[in-house]
Amino acid sequence: MENTAFIIIDMLNDFIDPNGSLYCGPAARDIIGPVEKTLAESRRNSCPIFFLRDSHDEDDLEFNRFQRHCVTGTWGSEIIPEMTPKPDEIVLPKKRYSGFYGTDLENLLAGTGVDAVRVAGVCTSICVMDTVGGLANRDYRITVSTQEVADFDPEMHEFSLKRMKNIYGAEIL
């Protein structure tokens with residue numbers, strides 16, 4: 001894991017907790033343990049850690065496509081308790097699917113000097129895949145473990161893993 005950053009995407013109450021407004025189902029709960037394990041390993045190895053979190057305005061147009069979720073300042077937009085960031089870890093609010101859109105992720109990653117990124121979180125077919133595409137466009141080596149990503153749609157999950165491997169060159173574990 002040396003010279004590797006760890007990006008954790010949308011491990012938020014609205015997606016991961018059964019009471020969340022856009023709960024991704026049991027598959028989302030199943031990834032908590034594996035993500036926690038990689039997070040602990042990344043911390044031990046002093047890897048840069050980034051938490052990306054959906055943080056929508058009350059009237060976000062995305063709510064025309066998806067149920068209202070992760071409104072800034074609400075319980076739903078909070079990172080699940082199992083993944084509480086440490087003070088030296090970066091938490092980036094995002095308004096769209098890609099972690100690069102409207103955030104400083106590109107500059108922050110460049111500042112770490114890493115050339116590889118491991119990605120985990122939800123949803124595989126939306127925010128994970130779009131962020132992996134952004135990493136590929138910036139020539140990072142990318143790793144995604146099937147045990148650390150989940151989606152509310154099993155078919156889209158499988159398609160996304162295949163696309164990230166075949167199009168973006170991600171190593172799928």
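## A tour starting from helix 3

Begin by selecting the buried residues of helix 3, which are covered by parts that include strand 1 (4-9), helix 1 (13-16), helix 2 (26-30), strand 2, strand 4 and strand 5; contact here means heavy atoms within 4.5 Å, and helices (H or I, at least four residues) and strands (E, at least two) are DSSP runs numbered from the N terminus. This is a predicted model, in which local features need pLDDT of at least 70 and side-chain atom pairs count only at pLDDT 80 or more, while totals for chains, interfaces and linings use all residues. Residues are numbered from 1 along each chain as its sequence is written, and side-chain values use heavy atoms, with hydrogens and water left out.

**Helix 3.** The buried residues to highlight are Ile32, Val35, Thr38, Leu39 and Ser42, where buried means under 20% relative accessible area, exposed over 50% and partly exposed in between (1.4 Å probe, protein chains only). Looking down the axis of helix 3, you will find that its buried residues fall within an arc of 135 degrees, so they line one face of the helix; the arc is that of the directions from the helix axis to the C-beta atoms. An α-helix has 3.6 residues a turn, so residues three or four places apart point the same way. Turn to the other side of helix 3, and Lys37 and Arg44 are exposed. The 13 residues of helix 3 reach 18 Å from first C-alpha to last, close to the 18 Å expected at 1.5 Å a residue, the expected span being 1.5 Å times one less than the number of residues.

**Pro34.** Next select Pro34, which is found in helix 3 (residues 32-44) and counts as partly exposed because its relative accessibility is 23%. Leaving aside residues up to four places away in sequence, Pro34 touches Gln147 and Glu148.

**Arg118.** Move to strand 4 (residues 116-122), where Arg118 is found; at 16% relative accessibility, Arg118 counts as buried. Its contacts, not counting residues up to four places away in sequence, include Thr38, Thr143, Ser145 and Glu148.

**Backbone geometry.** Follow the chain to Val122 and Cys123, which are joined by a cis peptide bond with omega of about -20 degrees; Cys123 is found in the loop between strand 4 and helix 5 (124-137). Most residues other than glycine have a negative phi, and most peptide bonds are trans. Ser46, which follows helix 3, has a positive phi near 55 degrees, and at 64% relative accessibility Ser46 counts as exposed. Asp139, in the loop between helix 5 and strand 5 (141-150), likewise has a positive phi, about 65 degrees, although it is not a glycine, and at 69% relative accessibility Asp139 counts as exposed.

**Rings.** A search of the whole structure finds 1 aromatic pair. The rings of Phe66 and Tyr97 have their centres 6.4 Å apart and their planes at 90 degrees, so the pair is edge-to-face (rings of Phe, Tyr and Trp, the last by its six-membered ring, pair if their centres lie within 6.5 Å, with planes under 30 degrees apart counted as stacked, over 60 as edge-to-face and the rest as tilted). Finish at Phe100, where Arg138 lies over the face of the ring at 3.9 Å from its centre; a charge sits over a ring if NZ of Lys or CZ of Arg is within 6 Å of the ring centre and within 35 degrees of the ring normal.
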